[in-house]
Structure formats: C-alpha cells, structure tokens
Amino acid sequence: MIRYAIFVNGEKTQEGELSPGEHVAGRSRSADVRLAEPDISGKHLKLAVAADGVYAENLSSHGTLLQGAALAGRRKLQDGDVLTLGKHTEFRMEIPETPAPSGVDGEMKTVIPGKPSECPPLPDNGKTEIPSAAEKEPAKPEAAGDALPENPPQDENVLQTDVMHTRLASLEEMNLLRHADRKRSTGKLFKTILGCVGALILLVVLYSLKASPEEANLTWPVDSAGKALGAFADPGNGGHNSGGFSLAFPNIKGKTTQERQKDQIVINTWCGKDASVPLRIFFLQKQSPDFLTRDRKAVFSAMLGELQQKNHRWNLAQISDVFFIGSENGLPCLSVEYRRETDGKSWYGEALFFRTGDRAFLRLAEVPAEERARAQNFLSNTPFLKFSIVYLHGHWEGNGDYNFDGNTDVMMDEVSRHLSKQAPFEWARTYLLLQNVLMESIRTRNATLETDALMQLRRLRAMQTVWYNAQKIQYDTARLYNDKRQENAILELSKTVFSSPDDLRYFTLRRNIWD
C-alpha cells in the first residue's frame, strides 16, 4: 500500500494511504488531501497511483520541489522521496517495492525430488540368507593345551612405567604444581585486563576523531560557549541604537569581510552552527519620489528587474504575500526565493524588500545551491535586520491615490486636535492626514514639515500601542470569565480602530491573535 506523511515545519501533521487512481492535494475543500498552509494552492499537487508506480505532477503556479529540485511535468516517485509544497510543507512518500518472482528470469520452477536409491541385488538363488549361530559366536579355544599361561612374562620397562604412574607426588612437587597453576591464572587475568583497557582507549580515540554530525537545518554560528557570533552594520541611518535599523550578520573572526559602495553593502561570511557554509549578504537602497505613488510589489519587481539586467542568469520564484517584521504596528515586507549563476557558481537565496517614504530597501542572503535543503528555513526565518521601535513607529508608505489640494497647516492643526482628544475612531483619518502631509513634504523638500509630521506620527503610534494593550487586558479578562458577548464587542471595536492593512494589528485582530 502506498503511504504518505505530511510534515509542516518539521512536525508531522497527518498521514494516510493512497489507493489506485488520482489524488489531488491542496487547500480546496474538494482536494483528496487537505492542506491548511496559506502558501498552498487550492489544487497544488496531483498524485497518480498506477500499476507501474506512483507519479507526481505540479498543478500550482507556486511550484513544487521534488528532492529539492523543481518538479516539472509528470515524474515517477521512489520510496523515500520528499515533495515540498510552499515553504514549510513536505510530502514524504513510502512506496514499498513489488516483490520479484522467484527463479531465474522471473520464471517459477518446480523442484522434482531425486529418484530413490536402488536396493542391493538379491542373491542369485533369490533367497535371503540368515547367518547361523555358529557364525555369530566368537571362536573358543579348542583344547586345554591351548589355554593361556597363568603368569605370562612381562617386560621390565612396562613395570617401571606403571610404578611412575601410580606413585604419590611429594609435597615439594605439589607446591611446584600449585605455583605454576597460580602463575598461569595470574597471566590470563593480566592479559584480560590489558585487553579491556586497550579496547577502551581505542574507543575513546575513535570517538574523539569522529566528525560531528552534519546539521539537518543550518543555524546561526556560535562559539565554544554557545554564544551567537554576530555583528551589526549601519546602512547609513544611524543604526538601531540611534532610532534607525541595522544590518545583522554572522561575524566570524578572520573569515568575515565587509565591502561598502554607494547605497550598497556586501558581506561575505559563514553560517551553520560550526560556521562551515559560505553565506553572502547584499543590502541595496534606492530613493525616488516615484516610490510614493507606486504599488509596493511594483517597486520590488522593478528593483529585481534591474538586478536581472546586470546578470541575466536569475531564476525567480513567485513574490510572497505581505508579512511583517517587528512588533506593535510592524514593518510590511515582501520576499522572493531565487537561484542565480555567477562567477561559475550556483547560489540559492531569498530577497527581502521593504520601504519607508520615498526610500526602498532590498536585502539578499544566499548560500551555495547545493545547500538549499538545509538552508531554506534558515534564510526564510532570518531577516538579517534589526529595527528600533522608534523606526517602526515612524514607518510610513505613500498612497497611489495621492492628489494634494489642501493646506498642510490646516491638516496639522486637525491632527493635533485628534490626538489631543485621544479618540480611537478618528485615528484612521489622522493617519491619512499625516500620510498626505508627509508626501507633500517630500514633494516640496520641506524638511521641517517632514520632521513635525513624523513626530506626530510617532505620537499617534504610541497612543495606539497603549490603547491596544488596554483592550487586550479587557479581552483576556472577558475570556477568563467566559463572557463571550464582551469578548466579541472588544474584538469588533479593535478591528474598527485598526483598519489599515499596513499595520500588523490589522491582521492579528482578524485572526484573533492578540500577542
């Protein structure tokens, strides 16, 4: 029977058997094998169980990996093959081998027992003869004259030997025998102990020379005390300690290099617990007023296109949905996996994109392509960035529908009134006003107006944090007392206040995840 096991983030979530025929795996309710991960298509993978084996076919634009390589067309599976769907879902197949028929060339043979041995021939007369009693009895002496003599003569040497065999050992001889036996026993014991000690020393030497097992999934390198080896690079905004953000990377003494160019940082280092796998990190930034009115994904695609123009040997996967880095309001990001050829080597990596105002940032992290299976989770779950809470509170992006026809002073006065009243239902309009003022300050290059608007934006975010935490406490209290009505009222109120999809709390509230 064909069996499968499904693992999500390394943990088994379900298993089952596949009967003959076709089976579809995906998030669709009509799928034969239901999967719940958000990066799985409705109909993602087709598995066909035929008489000659099991076949897999990708149905999703997200793609499917077979043993770490892209699944193209209809492929026959082997026992133990792993199909990767999305970023975290794995199909592990158990396909038993069909037992081969016995005999040469697959033919069944019948073993015929040999003929029984032939009986000995009968005598010529056809009779069976039985020996007489005279033949059975041993011969006896025929006459008294033939009897043995009473005292037969004996050899003198024979008499002497018998005496030696039968005499008692002296006390000295017995002590000598005991000493020799004790010496033999002591020698055997010493040899046994020496052999055990030698075997133990050999095992210790072999264990010390044995190489440490290879990591199943790459991690951040650590020193002998288990402390992470890392450092930070300032991309030009002062770093996370000064209210900006920093580029984080593994820092291996004597093995890590850092190169800075205009609007670009290149870091060559190593990853893995024992720093055994090469890791390259690229950080690029670009500034343009056009970023204020262009879609986030369009800007990301344009920056990737510029990289492909410099090196055409890029293979890009599908750009991810928006996700967030950091806490509270968070920082909206996009990412895409890629594979590229450069300098005669093949590299696998992940590109991460985010922007603030009229600045767009792109971070690439890559390892040799042969390490893709071990490095995929590490690159996907490690942003290599550290943001300060001040930067997150001051994060903003432009609006494609921007058409300014107002007065920035009037808008700032209205923002000040809204914040003074601390009215949560007016915070959505407050953010839109500040967004328009900030876009106008960039367009007119009014640094003073930009500074004032950013200060009010951080004030708004701080007030949102306090209010959100208060609602969370009330929600937890209602749950403690099993007050469903109060729970729903607090949840719906919070959804109304946090109505912008550029805020992490917009998604957490709609999933009813407060932390």
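Select Asn482, just after helix 9: this residue takes a positive phi of about 55°. The model is predicted, and the tour stays with helix 9 and the helices packed against it.

**Helix 9 itself**

Select residues 447-480, which make up helix 9. Helix 9 has 34 residues, and its first and last C-alpha atoms are 49 Å apart, close to the 50 Å expected at 1.5 Å a residue. Now go to the N-terminal end and show Asn446, which caps helix 9 there. A side-chain oxygen of Asn446 lies 3.3 Å from the backbone nitrogen of Thr448.

**Helix 8 against helix 9**

Add residues 427-443, helix 8. The axes of helix 8 and helix 9 are 9 Å apart, and the packing angle is about 155°. Angles over 145 degrees count as roughly antiparallel, so helix 8 and helix 9 are roughly antiparallel to each other. Their crossing is left-handed. To see the contact, show side chains on both helices: on helix 8, the residues include Trp427, Tyr431, Leu434, Leu438 and Ile442, while on helix 9 they include Leu449, Ala453, Leu457, Leu460 and Trp467. Coloured by class, this contact of helix 8 with helix 9 has 13 nonpolar, 4 polar and 2 charged residues.

**Helix 7 against helix 9**

Next select residues 408-421, helix 7. Helix 7 packs on helix 9 at an angle of about 20°, with the axes 11 Å apart. The two helices are therefore roughly parallel to each other, and they too make a left-handed crossing. On helix 7, show Thr408, Met412, Val415, Ser416, Leu419 and Ser420. Their partners in helix 9 are Leu449, Asp452, Ala453, Gln456, Arg459, Leu460 and Met463. By class, the contact of helix 7 with helix 9 has 7 nonpolar, 4 polar and 2 charged residues. Leave Leu449, Ala453 and Leu460 displayed: these residues of helix 9 meet helix 7 and also belong to the contact with helix 8.

**Helix 10 against helix 9**

Finally, select residues 484-497, helix 10. The axes of helix 9 and helix 10 come within 8 Å and cross at roughly 160°. Which way do the two helices run, roughly parallel or roughly antiparallel? Helix 9 and helix 10 are roughly antiparallel, and the crossing is left-handed. Show Trp467, Gln471, Gln474, Tyr475, Ala478 and Arg479 on helix 9. Facing them in the contact, helix 10 supplies Gln486, Glu487, Ile490, Leu491, Leu493, Ser494 and Val497. The residues of this contact divide into 7 nonpolar, 4 polar and 2 charged. Trp467 meets helix 10 here and is also among the helix 9 residues in contact with helix 8.

Terms used:
Residues numbered from 1 in each chain as written. Predicted model: local features only at pLDDT ≥ 70, side-chain atom pairs only at ≥ 80, totals over all residues. Heavy atoms only, no water. Axes fitted to C-alpha atoms, helices over the stretch in contact; angles between N-to-C directions. Helix = DSSP H or I, 4+ residues; strand = E, 2+ residues; numbered from the N terminus. Parallel < 35°, antiparallel > 145°, perpendicular 65-115°, else oblique. Left-handed = near helix turned anticlockwise from the far one by under 90°. Contact = heavy atoms within 4.5 Å. Nonpolar A, V, L, I, M, F, W, Y, C, P; charged D, E, K, R; others polar. Expected span 1.5 Å × (residues − 1). Polar contact = N/O pair within 3.5 Å; in protein donor to acceptor, adjacent residues only side chain to side chain.
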